[in-house]
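Visitor: I would like a close look at one part of this model, the place where the ligand is held. Could you take me through what surrounds the ligand there?

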Amino acid sequence: MAELKTYRMYINGEWVESSTGEYFESHNPATEEPWCLVAKGTAEDVDRAVRAAQSAFENPQWSSMTYTQRGKLLRRLGDLIAARVEELAVYETLDNGKLIREMRGQLQYLPEFFYYYAGLADKIHGETLPIDKPDLFAFTSREPIGVVAAITPWNSPLYLTTLKLAPALAAGNTIVIKPSEVTSASLLELVPLIEEAGFPPGVVNVVTGFGDPVGNALTSHPLVRRIAFTGGPESARHVIRNSAENFARVTLELGGKSPNIVFEDADADNAAMGIIAGIFGAAGQSCVAGSRAFLHKNIYDRVLEKVVDRASKIVIGDPMAAETEVGPLATAGQVKRMEHYVQAGREQGARLVYGGKKPEAIQKGWYFEPTIFEHTDTQIRIAQEEIFGPILTVIPFETEEEAILLANSTNYGLAAGIWTNHLARAHRVAKSVRAGIVWVNTYRSISPIAPIGGSHWSGYGRESGYEAIYEYTQSKVVWVNTSADPMPDPFIMR
Ligand code: TXE
C-alpha cells in the first residue's frame with residue numbers, strides 16, 4: 001500500500017505534532033481504505049492553541065490592524081481559494097465521499113462568503129444615543145469578543161468552517177478550529193492559503209482530533225470567549241455543559257427534520273424535483289435535508305410516483321465520476337444508522353416504497369440506496385428523528401391547517417419547503433411553519449447574504465448574512481460628561 005499522506009496540526013503559525021506524537025487514520029468512504037493520517041490532538045495541544053490565539057488577539061499586529069485592512073486579508077483569502085477550488089474539492093470528496101461536482105460547486109461559491117465579510121469588516125459600527133439626560137453624551141461601539149472555538153462536522157467541512165471563520169476574523173477575533181475527526185484534511189490544506197493571505201501567526205489555529213478530548217478541552221477552556229458549534233444534539237449538550245466553565249457565548253447549528261409541503265395547486269414536476277433535491281442531494285447528509293414530504297391527498301399518488309420514478313433512476317457510484325448523483329455515506333457508522341432506521345420504520349408500520357438497503361451491485365464503499373417510506377403516523381421514529389441520510393418519509397394531508405400542524409410536530413425547526421402557486425397561501429404557511437429558513441417553490445438555496453439557523457433542537461444563533469457579525473462582536477457603551485458643573489449628589493444614581 002502507498003504511504004499515507006500525513007497531516008500535522010497548525011498552532012501559532014507552525015505545523016506541529018500532537019503532544020503524544022500520535023496520529024489517526026482518515027478513510028475514503030468510496031473505498032473504505034485509509035488515505036491519510038491526522039495528528040491526534042490532546043487537551044495539552046488545545047491549551048497551546050488557545051494561548052496562541054489569546055496572544056494573537058492581544059498583539060497589536062492584529063488588534064491594531066484597521067478593519068479595512070482585515071477586510072483586505074479576507075478578500076485575498078477568497079481570491080486564493082478561488083484559484084485552488086479543484087484541489088480543495090478533491091480533498092473534501094476523498095474525506096467525506098460527497099460528489100466532486102457538489103464540492104466543486106460549493107467551493108467555487110465559497111470565496112463569495114469571504115468577499116461578503118471582507119466588505120462588512122469596516123461597516124461594523126456603533127451608534128450615538130439620544131440620551132435623555134442633559135450634559136451626558138453616550139455612544140456605542142462593537143468590539144471583538146476574543147478567542148473563538150469553532151467546532152465543525154464532516155458533511156460540508158470548508159463551507160461550515162467558512163460560516164464561522166469569515167465573520168469571526170472580519171470582527172477582529174482570533175480562532176481555534178477543531179474539524180470533524182472524519183474530515184480534517186481540507187481545512188489543513190486551506191491553512192497555507194490563510195498564511196499566504198497574510199493573517200498573523202496565532203490568529204487562526206487548527207487542532208485536529210476527537211470530541212473527547214479535543215472538543216471538550218476547547219469548549220471548556222478558560223480563555224475561550226465564544227463557541228460556534230455545528231453538529232449533532234448530543235455533542236451540543238456537552239458543549240453547553242462545557243461552556244458553564246468559561247461562560248463563552250455559544251451558537252449551535254444542529255440539523256433538522258425539515259418538511260417539504262406540497263399543496264394540490266403546486267407544479268407537480270417541480271415539487272417532485274424539490275423533494276429529490278431536498279433528501280437525496282448530498283445523500284441526505286445535510287442539516288437542511290427535506291426528510292419529510294407532506295403531500296396533499298389529491299396529488300399524493302401523482303407526486304409520489306414522480307419521486308419514486310426519479311429516485312429509481314439515480315446514478316449511485318464513485319463520487320469522483322461526473323455522472324454520479326449519489327455517492328457513499330461518510331462513515332461505516334452512517335450505513336449502520338440507515339439500516340437501523342429502515343428496520344425501525346418497518347417495525348413501526350411504515351411501508352417501504354423504494355430502496356432500504358446497501359446497493360447490491362456495489363461491493364466496496366459505504367453506500368446506501370435512496371430510500372422512501374410512506375405512512376400516516378407522524379409520531380414514529382423515522383418521522384421524528386434526524387436520520388441524516390437518504391431516507392425520505394412521505395405523509396398525506398388534507399387541509400392547510402393540518403399541514404402546518406404536522407410540519408411543526410417535531411422538536412426541530414431549521415428549514416421548510418412550500419410548494420404552491422397560491423401566493424397568499426405561500427405567505428401564510430411561510431409565517432406559520434416553525435423554521436429559520438423557508439423556501440417557496442425551491443429548496444437548498446444558500447447565499448452569504450442570507451442567514452442560516454433554526455430554533456428548538458435545531459439550535460440557536462445565526463450564521464451567514466450580516467447578523468452573523470453581531471454574533472462575533474459585543475457592544476460597549478461609552479458615557480461622557482459634557483457638563484462644566486461640579487459632580488452632583490454622589491449618593492443618587494445619575
Ligand atoms: O456529529 P457530532 P456526528 C447531526 C446528524 C448526525 C449527528 C451525528 O444528525 O447524524 O449529528 O453526527 C465534535 N465537545 N449532524 O457524529 O458527533 C466532533 O468531533 C465538543 C448535523 O458527526 O456532533 C465534530 O467535530 N465537540 C450537522 C463535531 O462535534 C464535540 C452536521 C460534530 O460531531 C464533542 C453533522 C464534545 N463533547 C451532524 N463531541 C449539521 N447541522 O449539518 C463531538 N464533538
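Guide: What follows is a walk around the ligand and the residues beside it. Please keep in mind throughout that this is a predicted model. The ligand sits in the largest pocket, and because domain 1 (5–254 + 454–477) and domain 2 (259–440) both give residues to the shell around the ligand, it lies between them. That shell has 26 residues, of which W154, E181, G232, S235 and E386 come nearest to the ligand; by character, the shell divides into 9 nonpolar, 12 polar and 5 charged residues. Among the elements of secondary structure, α8 (211–220), β11 (224–230) and α9 (233–246) each supply at least two residues of the shell.

Turning to individual atoms, a polar side-chain atom of W154 is placed 2.6 Å from an oxygen atom of the ligand, while a nitrogen atom of the ligand has a polar side-chain atom of N216 at 2.8 Å. The backbone takes part as well, since E253 has a polar backbone atom 3.3 Å from a nitrogen atom of the ligand. Taken alone, the ligand would expose 800 Å², and the protein buries 87% of that area.

One further detail belongs to helix α8, which supplies at least two residues of the shell: P213 lies in this helix, and the peptide bond that joins D212 and P213 is cis, with omega at about 15°.

Conventions. Residues numbered from 1 in each chain as written. Predicted model: local features only at pLDDT ≥ 70, side-chain atom pairs only at ≥ 80, totals over all residues. Heavy atoms only, no water. Near = heavy atom within 4 Å. Polar contact = N/O pair within 3.5 Å; in protein donor to acceptor, adjacent residues only side chain to side chain. Areas by Shrake-Rupley, 256 points an atom, 1.4 Å probe, with all protein chains shown as cover. 1 Å grid on protein atoms, 1.4 Å probe; cavity = no way out; pocket = protein on both sides within 12 Å on 5 of 7 lines; lining within 4 Å. Sits in = over half its atoms within 2 Å of the grid points. Helix = DSSP H or I, 4+ residues; strand = E, 2+ residues; numbered from the N terminus. Nonpolar A, V, L, I, M, F, W, Y, C, P; charged D, E, K, R; others polar. Domains from an automatic or database assignment.
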